Amino acid sequence: MAFEYTENMLHDEDDASDASSDVTELEEYDFPDHFFERDGRLFHSHGNLPYPLPADGPEQARLNSVHKILRDIVESHYLGPVSEVLSDARSRQKRVLDLCTGTGRWPMDMARLFPRVKIYGLDIVPIATRRPLPHVQFEIHDITKQFRWNNATMDFIHARNIDLAVTDYPELLREVARLLRPGGLFFSGEIGRCIDFAHGSSFDLARQVPRARSFFQAIDHSLGLRHLFTMPTIQTFHIPVGDWHQNPVMRRVGMLYLKALKDFAESLKPMLREARMTQHEIDTLVTGFVEDIEHVPGLVGVYHTVWARKL
């Protein structure tokens, strides 16, 4: 069963969903059931799902900051032919699905750009606003499970920074392909968990960003095997770390990203404890990481993106 947790929304009462009668609005007193506290941080309480980061206020602030950073780096809220895919919304209802929506900033910003499009945001915890725009709907859903919608009901599926929540990329892509209409658009974007130098474009991806590399290899391989998507378009963006960049906008982005990385390190401490690292080892690791990113100029994070259309 999926749970809605937004107020003043348009309910999905057409033929897009094969389970609309099973979508139940989440009451305020139900919210604590979706969280538990550990090491002074608040986490999701949904069994053995892989996502290791907290879902509390500091982590939500980090997610909001990353949303702003990526908007400034890409200079848009989207890549690819989104306007084309979502145009002519008067002929039929156009639909967008945002996976692992987090605080819901991306659906809300997209809703202002595309006011005739219905936008859904899914996450395992209810941390998005409960008062979205009328054509935005947030739901609780585990993206490792099948989605509630019928085949070929979505025009655009957006997946950004979801790798920590996914256990089987090929299976997720099969669901994406099932939901997309012919010509529909799939976008994936992941910030590699690595640091590189802005002037060093010949670094070893296999060594420095193995999971990000594996993620996009899995996407490309699955898209190619299924013959359901056009050739993927891949783009890479550098995110400055700190205030070394000469461009004032990028300098501001760099300071935001520096703070986001430090917050990310703090959020990962409970996971490191679960890996049986001692507190001294964790503190040494995080302190060394922070010192490096604070004092070495020219560092960047790498944002990998790929988009393709359903054949």
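Is Glu139 buried or exposed? In this predicted model, Glu139 is buried, with a relative accessible area of 1%. The legends below place this residue and others in their surroundings.

**Figure 1. Overall content of the predicted model.** The protein contains nine helices and twelve strands. Of its 311 residues, 52% are buried. Among contacts between residues at least 6 apart in sequence, 72% join residues at least 24 apart. A search of the whole structure finds 16 salt bridges, and several of them are shown in the later views.

**Figure 2. Close-up of the largest nonpolar core, which has 37 residues.** Leu86, Phe156, Ile239, Tyr257 and Tyr303 have the most contacts inside this core. Two or more residues each come from the helices α1 (57-74), α2 (82-86), α3 (105-113) and α7 (248-267), and from the strands β7 (136-140), β9 (180-191), β11 (233-240) and β12 (299-309). Helix α7 gives the largest share, six residues. Apart from this core lies another, of 23 residues, which includes Phe147, Trp149, Ala177 and Ala308.

**Figure 3. Close-up of the surroundings of Tyr303, one of the residues with the most contacts inside the largest nonpolar core.** Leaving aside residues up to four places away in sequence, Tyr303 touches Leu70, Val74, Arg160, Phe187, Gly189, Glu190 and Ile191, as well as Gln235, Thr236, Phe237 and Ile239. Of these neighbours, Ile239 is likewise listed among the residues with the most contacts inside the core.

**Figure 4. Close-up of the packing of helix α1 against helix α7.** The two helices pack at an angle of about 150°, and their axes are 9 Å apart. The crossing of α1 past α7 is left-handed. From α1, the residues that take part are Glu59, Arg62, Ser65, Val66, Ile69, Asp72 and Ile73. They meet Met250, Arg252, Val253, Leu256, Tyr257, Ala260, Asp263, Phe264 and Ser267 in α7. By character, the residues of this contact divide into nine nonpolar, two polar and five charged. Tyr257 thus appears in two views, being part of the helix contact and also one of the residues with the most contacts inside the largest nonpolar core.

**Figure 5. Close-up of the salt bridge between Arg38 and Glu274.** The closest N and O atoms of the pair are 3.5 Å apart. Arg38 belongs to strand β3 (residues 35-38) and Glu274 to helix α8 (residues 269-274), so the salt bridge ties together parts that are 236 residues apart in sequence. Glu274 is exposed, with a relative accessible area of 54%.

**Figure 6. Close-up of the salt-bridge network of Arg92, Asp155 and Arg181.** Within this network, the side chains of Arg92 and Asp155 meet at 2.9 Å, N to O. Arg92 lies in the loop between α2 and β5 (95-99), whereas Asp155 lies in strand β8 (residues 154-160); the pair therefore ties together parts that are 63 residues apart in sequence. The two partners also differ in exposure: Arg92 is partly exposed, with a relative accessible area of 34%, while Asp155 counts as buried at 3% relative accessibility.

**Figure 7. Close-up of the salt bridge between Glu139 and Arg148.** The closest N and O atoms of Glu139 and Arg148 are 2.6 Å apart. Glu139 has a relative accessible area of 1% and is buried. Arg148 also counts as buried, at 9% relative accessibility, so both values fall under the 20% limit that defines a buried residue.

Definitions and conventions: Residues numbered from 1 in each chain as written. Predicted model: local features only at pLDDT ≥ 70, side-chain atom pairs only at ≥ 80, totals over all residues. Heavy atoms only, no water. Core = buried A, V, L, I, M, F, W, Y, C linked by side-chain atoms within 4.5 Å. Buried < 20%, exposed > 50% of the residue type's maximum accessible area, 1.4 Å probe, protein only. Helix = DSSP H or I, 4+ residues; strand = E, 2+ residues; numbered from the N terminus. Contact = heavy atoms within 4.5 Å. Salt bridge = Lys/Arg side-chain N within 4 Å of Asp/Glu carboxyl O. Axes fitted to C-alpha atoms, helices over the stretch in contact; angles between N-to-C directions. Left-handed = near helix turned anticlockwise from the far one by under 90°. Nonpolar A, V, L, I, M, F, W, Y, C, P; charged D, E, K, R; others polar.
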